[in-house]
Amino acid sequence: MNDIIEMVNVTRPPAWLPWAVQYFFLIGLSVTAFGLSLPGFAYRLQSWAQASRLALLGSLTCGLAAPVALLADLHQPGRFWEFYTHPNLHSWMAWGSFFIPGYVAGLLAYTWAVLRPDLATTAGEGMVAQLYRRLAFGTAHLAWLRNAAAIWTVTFGALVLLYTGMEVMVVRARPLWNTPLVPVQFALTALGGAIGLILVLDLFYRVLDRPMAVRLSGFLALVMLCVLGGGVIWLALGLFHLDASTAVALAILSHYGAWQVTAVWAAVAAALPATLYLLAPVRSTWLCGLIALHAAWMFRWTIFIGGQGVPKTGAGLYGYQLPLGPEGLLGIVAVAGLWLFLLIPLAELSPILGPRQFGHGRRLTAGSA
Amino acid sequence: MVVDLARCIGCQSCTLSCIHENAVPENSFRTIVSVYELQDPGELPHPGEAQQSGATRMAMLPRLCNHCQDPACLPVCPVAATYQRPDGIVVVDADRCVGCGYCVQACPYDARFINPDTRKADKCTFCAQRIDAGLLPACVESCVGGARVFGNLNDPDSAASRLLVAHAEDVQVLRPEMRTQPKVFYIGLDQRLSDKVEGEPTLWRPTPPQEA
């Protein structure tokens, strides 16, 4: 029998809503997918050409949708202005407000720089084709522009990964968050998710050749095994009291069945891509991708929504029921819808997946002639 | 603030007066008296005898913002909306607050929340508006047993300072390991309640927010 019964106390609802989960998910995917676009576009590796196009598509769509989710979590988007008029540079979040626009601007500039040749070679005579050719602003080969945009975006992308991890890691009041493994696991799960996104997108756009898809799937399996390794290290830090915060988090959470199930679920999700890769490397690529995407999202859901369910002073756990409105399910669906809204025109109308032909070609779009 | 727990009867009049004074929305609390049923350990058994349970008793623990000298909520605020007044009271500039909730995460006492009406960070201010008018905080004014004592800790003659001196060996703060130097002191705090309580979870919670 427990010698303390909490008779009366207060429940604190989560202050970071599912919008935050969506933001951390999408921005992580965007930055790491951008990294995967570099071999094909910046280093001109022929074997990566198509994979990098899918990576850029994923990076751009996620990078544009993520800040919207973040603004939504402020409850009143106009409040973002305060970040720039009264920045407190002791706060990682304040730094993030400078890193995000720096990254997104760099990503847009990089996208334009690497797609210039495709824009310039748009075939057809319609208005859209002409507009695309004009958007190339000439046909001169501007490698310096591409490289400058890539370096800028790599820098700000790394800063975004750093701040998103540190922002969570420095919260001493939440032992589950207060571990140096959080930034590492955020980055690794995001990388796994980005590779997964390429493989899932390929299911619809079919631009990868099979050897490359299998190669990516192997890379994904390796990343997910690293995530599993990170989990084992976290467990060891807690079990052997090598890190005080981790030990406290483990002591609190290990009592609860829901958290035990979550731990097993996470371990299976991390190990499954490697298993599938070994059993059916060719046929399992998109499934491995889907599992990795799910793992990246679930990791953030568990950290944020699960983590906020641990009272700092009270007994037990706070209950959480996903609201159906904007503060819950609708918010999650809305961000997913925004991502789709960005994906469809960018994939179908822009030259991200290859040069376009308007007016006479097979990729003719309604009303463009 | 000094809280003499032996004088607290858990009547929640502080909770209610705070709600009325500060227009705290339904299901949100700037202060609340947590109530615990504690089983004290029994005496050590003689050889061959079974362990006997000790006495069961109620324990009250008024919780509020601890107005820490080194508050964890202050450096994380991205727009410096949370600040410390010269008298040490930690307050939020609601005009500047963006409702990002980072301070809510950083507070080790779960003392902060996002106000569902304003969508901005909210917390106990020691009723700063009353202090500035020469009054006591509403919770202190309404405390039936006189458990909450408010005063200037820099003034050795204040009631709070004298109480701390008189009970010097029995004064504690919540979660000292967080090194935030809380300025809410407790007299007679059971050690088992000073950190995250390891016990049966809450029997009573506020009702969930109504769907709009």
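The questions and answers below cover the domains, a helix pair, a sheet and the chain interface of a predicted model.

Local features need pLDDT of at least 70 and side-chain atom pairs pLDDT 80 or more, while totals for chains, interfaces and linings use all residues. Residues are numbered from 1 along each chain as its sequence is written, and chains are lettered from A and ligands numbered from 1 in the order in which they are written.

Q: How many Å separate the centres of domain 1 and domain 2 of chain A?
A: Domain bounds come from an automatic or database domain assignment. Chain A is divided into domain 1 (15–170 + 322–354) and domain 2 (172–312). Taken over C-alpha atoms, the separation of the two centres is 23 Å.

Q: Which element gives the largest share of the side of domain 1 of chain A that touches domain 2 of chain A?
A: The contact (C-beta atoms, placed from the backbone, within 7 Å) takes 30 residues from domain 1 of chain A and 30 residues from domain 2 of chain A. On the domain 1 side, two or more residues each come from helix H1 (18–41), helix H2 (49–72) and helix H6 (143–169) of chain A; helices are DSSP runs of H or I with at least four residues, strands are runs of E with at least two, and both are numbered from the N terminus. The largest share, eleven residues, comes from H1(A).

Q: Why is H4(A) described as roughly antiparallel or roughly parallel to H6(A)?
A: The axes of helix H4 (residues 92–120) of chain A and H6(A) come within 8 Å; axes are lines fitted to C-alpha atoms, for helices over the stretch in contact, and angles run from 0 to 180 degrees between N-to-C directions. Angles under 35 degrees count as roughly parallel, over 145 as roughly antiparallel, 65 to 115 as roughly perpendicular and the rest as oblique. The axes cross at roughly 150°. That angle makes H4(A), relative to H6(A), roughly antiparallel.

Q: What is the class make-up of the contact of H4(A) with H6(A)?
A: Ala, Val, Leu, Ile, Met, Phe, Trp, Tyr, Cys and Pro count as nonpolar, Asp, Glu, Lys and Arg as charged, and the others, Gly among them, as polar. The contact residues divide into 20 nonpolar, five polar and two charged.

Q: Which strands are the edge strands of the open sheet of three strands?
A: Strands pair if DSSP finds at least two bridges between them. Strand E1 (residues 4–8) of chain A pairs with strand E2 (residues 32–39) of chain B over four bridges, with A:Ile5 opposite B:Glu37. E2(B) also pairs with strand E3 (residues 56–63) of chain B over eight bridges, giving the antiparallel order E1(A)-E2(B)-E3(B). The strands that pair on one side only are E1 of chain A and E3 of chain B.

Q: Which element gives the largest share of the side of chain B that touches chain A?
A: In this interface 46 residues of chain B are in contact with 38 residues of chain A. Two or more residues each come from E2, helix H2 (73–76), helix H3 (102–106) and strand E6 (113–114) of chain B. The largest share, seven residues, comes from E2(B).

Methods
Two residues are in contact if their C-beta atoms, placed from the backbone, lie within 7 Å.
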